[in-house]
Amino acid sequence: MDNRGNRYPLRFNLYLKEDYCEATKERFRTKIEEACELIQYAIDQGIDFGGVVIDSWYFSKELVDNISENGKDWVTRTKRR
């Protein structure tokens, strides 16, 4: 978000399903892997952020560990079991 409150996407990634990747010989990445790569991309670009808001669909130990290891906070809403 800029100083006027405008928000801009970092980059546009299409999630490709596993069967599509197999058929086209592309490398399959899970949604969690994509999210971890996006966080690393933001860090590499020098984007100053202190935390990540996670949709419950993405909430996983792998993603939370990745965020924490990069010194960032995170918040999410979990589903009730």
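Helices and strands here are DSSP runs, a helix (H or I) having at least four residues and a strand (E) at least two, and both are numbered from the N terminus. On that basis the chain of this predicted model has three helices and two strands, and from the N terminus on these elements follow the order α-α-β-α-β.

Begin with the whole chain in view, shown as its C-alpha trace, which spans about 45 × 35 × 25 Å along its principal axes. If you colour the 81 residues by accessibility, the buried ones make up 19% of the chain.

Next, select residues 51-54, which form strand β1, together with residues 73-76, which form strand β2; the two strands pair in the parallel sense, and four bridges join them. To look at one such contact, pick I54 and then T76 in β2, which is its bridge partner. Now add helix α3, residues 61-69, to the selection, and you have a right-handed β-α-β unit made of β1, α3 and β2.

Stay with α3 and show its side chains. Which residues of this helix are buried? They are L63, V64, N66 and I67, and they sit on the same side of α3 because they cover an arc of only 160 degrees around the axis. As a general matter, an α-helix has 3.6 residues a turn, so residues three or four places apart point the same way. Turn to the face of α3 that points away from the buried side, and you will find the exposed residues K61 and E69 there.

The next stop is the largest pocket, whose volume is about 980 Å³. Of the 26 residues that line this pocket, select L10, L38, I39, V52 and V53, which lie nearest its centre. Helix α2, residues 31-44, and strand β1 each supply at least two residues of the lining, and the largest share, six residues, comes from α2. Which classes of residue make up the lining of the largest pocket? Colouring by class shows 17 nonpolar, two polar and seven charged residues.

Finish at K17, which lies in the segment before α1, the helix of residues 18-24. K17 counts as exposed because its relative accessibility is 56%, the cut-off for exposed being over 50%. To close the tour, draw a distance from the C-alpha of K17 to that of N3: these residues are 14 apart in sequence, and the two C-alpha atoms are 37 Å apart in space.

Notes. Residues numbered from 1 in each chain as written. Predicted model: local features only at pLDDT ≥ 70, side-chain atom pairs only at ≥ 80, totals over all residues. Heavy atoms only, no water. Pairing = 2+ DSSP bridges. Right-handed = clockwise from strand over helix to strand, strands pointing away. 1 Å grid on protein atoms, 1.4 Å probe; cavity = no way out; pocket = protein on both sides within 12 Å on 5 of 7 lines; lining within 4 Å. Points joined across faces, edges and corners; volume = space filled by probe spheres on them. Nonpolar A, V, L, I, M, F, W, Y, C, P; charged D, E, K, R; others polar. Buried < 20%, exposed > 50% of the residue type's maximum accessible area, 1.4 Å probe, protein only. Arc of directions from axis to C-beta.
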